[in-house]
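Biologist: Could you take me through one part of this model slowly, starting from a pocket and working outward into the packing around it? I would enjoy a connected account rather than a list.

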Amino acid sequence: MTAPDDLPLEKRIKRHVIGKPHDFFAVTAPGFEALCLAELAALGLNGRAVSGGVEVAGRLRDGWLADLGLGSASRILMRAHAFQAVHFSELERQVGAFAWELFLKPGTLRKINVTTHRCRLHHTDAIAERVRDGIERRLRPFGGAGPGAVGQQVFVRGARDRFTVSIDSSGDNLYLRGVKTHPGRAPLRETIAAAALLRGGFTGAETLVDPMCGTGTFSLEAALIAKNIPPGWFRDFAFTGWPGFRPRRWDHLRRKTSEAFTVLSSPRIFASDIDPEACRALEAGLQAHGLSDAASVACLDFFELDPRGICDRPGILVINPPYGRRLGKTSESRELTRAILARIREHYPGWAFILLAPAGRDLPLVGLPVEVYPFFHGGLNVNVAVGRVTAPRVAG
């Protein structure tokens, strides 16, 4: 789409960007596509799951809503330009002729990301250089970056000589929620925690116990869900620097979203860890973001924790035990997992559970029927095992 240049820029933006639907792509980790599709449906957006994400059509506001409300997506891209090219001259012509001034402000382009598959133009650095030159040359007559300009990045994907150029609406990866400020060793990404909670059936109404909370990724995600606060509430997005961004519309969207926030009379998430420093950091994070009504923190050993002291009915147990860089030897990880499973079988009858463990391990899951979902994290192939502990039969 190339807008006529004889109209004032603001009118062109209203007509061709604000007033028209666009194609968005919610990028996900492999295997998260169906979860993301369900999240979009809950936001009132219809999409189509494909490999690596979900395609969805909508207005700018719908893209903003996806950035704000999706827990399992890595970023949201807006499709801007698509064309065929087998020579660099055609690539340069197509990029240079497009009306980039409708989508990007001058001087804000920071990064070009390029991937190709079965294209005659396959040198990604050369493609990125020409795309950057074409965009910047097109934007040059429209001035320079003003104060506080938001940096932007563009994604170029080539497949069988057809190139799609997308503008990143998210900025930082969406797993950076703006909530957790205390780092840990190989911390779990929030998008993975959100996906695991969805797989495990957590809706925010259940009691959730996170007895090896570490940096608290699961507890923080669960607290947001329990209070009906969207995952992106505490962070900024790249789309706020687009020419078509309208602050009043964004403020209105946020106000409407906040009307659904919930204040809880008592916590539903119970986090604990044997590391006092981790517990203090998590508690501080919960307080700083108004989440203490949803989650409480205690410094306890999982193997001494009695769930009967927390609630009088089964809930959901989520465990992300140390493995890989956080633990060391494979044998140590295996033995710890066996001990955890034995503890679950004995002390958590009737409880649903979500367990993270390295893939390829012969885990002793006897008596714990599970569904296993693989993903990649921290350089390891990891499984999310979801199931329920069978309650012992009562002799009659």
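Modeller: Happy to; what follows starts at the second largest pocket, moves to the helix that lines it, and then goes on to the core and a few individual residues. Please keep in mind throughout that this is a predicted model.

The second largest pocket has a volume of about 580 Å³. Its lining is made up of 23 residues, and those nearest the centre are L43, G69, N228, P230 and P231. By type, the lining holds 15 nonpolar residues, 5 polar ones and 3 charged ones. Several helices take part: α2 (33-42), α3 (60-69), α6 (190-199), α7 (217-226) and α8 (247-258) each bring at least two residues to the lining. Which helix gives the most to the lining? That is α3, with 4 residues.

So let us stay with α3 for a moment. This helix is largely enclosed by the rest of the structure, because 9 of its 10 residues are buried. The buried ones are L60, D62, G63, W64, L65, A66, D67, L68 and G69. G69 is thus a buried residue of α3 and also one of the residues nearest the centre of the pocket. What lies over the buried part of α3? The cover includes the helices α1 (9-18), α2 and α8, together with the strands β1 (22-28), β3 (53-58) and β4 (73-84). Of these, α2 and α8 also supply residues to the pocket lining.

Another helix of the lining, α6, gives us a link to a distant part of the sequence. I192 sits in α6 and is buried, since its relative accessibility is 6%. Its C-alpha lies 9.8 Å from that of S74, although the two residues are 118 places apart in sequence.

Now for the packing. Nonpolar side chains tend to be buried together in soluble globular proteins. Here the largest nonpolar core has 91 residues, and the members that touch the most others are W100, I135 and V156. Among the elements, α7 gives the most to this core, with 6 residues. You have already met α7 as a contributor to the pocket lining. There is also a second, separate core, with 18 residues, including F302, L341, Y348 and F353.

V156 is a good place to look more closely. Beyond its neighbours within four places in sequence, V156 is in contact with I112, N113, V114, T115, I127, V131, F163, T164 and V165. G158 belongs to strand β6 (residues 152-159). With 1% relative accessibility, G158 is buried. Setting aside residues up to four places away, G158 touches T115, T116, H117, C119 and F163. T115 and F163 therefore appear in the contacts of both V156 and G158. Looking back along the chain, the C-alpha atoms of G158 and P147 are 34 Å apart, with these positions 11 residues apart in the numbering.

Just past G158, the chain enters the loop between β6 and β7 (162-168), where R160 is found. D161 lies in that loop too. Both deserve a look at the backbone: R160 has a positive phi of about 55° without being a glycine, and D161, also not a glycine, has a positive phi near 75°. Are these two buried or exposed? R160 is exposed, because its relative accessible area is 54%, whereas D161 is buried, at 8%.

The cysteines make a short side trip. A search for disulfides across the whole structure returns 0. C213 shows how this looks in one place: the nearest cysteine sulfur, that of C279, is 4.9 Å away, and C213 is in no disulfide. The cut-off for a disulfide is 2.5 Å between the sulfur atoms, so this pair does not count as one. C213 is buried at 7% relative accessibility, and C36 is buried as well, with a relative accessible area of 0%.

One last stop is Q94, in helix α4 (residues 88-97). Its relative accessibility is 18%, and the residue counts as buried because the limit is under 20%. Apart from neighbours within four places in sequence, Q94 is in contact with H81 and F83.

Conventions: Residues are numbered from 1 along each chain as its sequence is written. This is a predicted model: local features need pLDDT of at least 70, side-chain atom pairs count only at pLDDT 80 or more; totals for chains, interfaces and linings use all residues. Side-chain values use heavy atoms; hydrogens and water are left out. On a 1 Å grid over the protein atoms alone, a cavity is a set of points where a 1.4 Å probe fits but cannot get out, and a pocket is an open set with protein on both sides within 12 Å along at least five of seven lines; lining residues have an atom within 4 Å of a point. Grid points are joined across faces, edges and corners, and a volume is the space filled by probe spheres set on the points. Ala, Val, Leu, Ile, Met, Phe, Trp, Tyr, Cys and Pro count as nonpolar, Asp, Glu, Lys and Arg as charged, and the others, Gly among them, as polar. A nonpolar core is a set of buried Ala, Val, Leu, Ile, Met, Phe, Trp, Tyr and Cys residues joined through side-chain atoms within 4.5 Å. Buried means under 20% relative accessible area, exposed over 50%, partly exposed in between (1.4 Å probe, protein chains only). Contact means heavy atoms within 4.5 Å.
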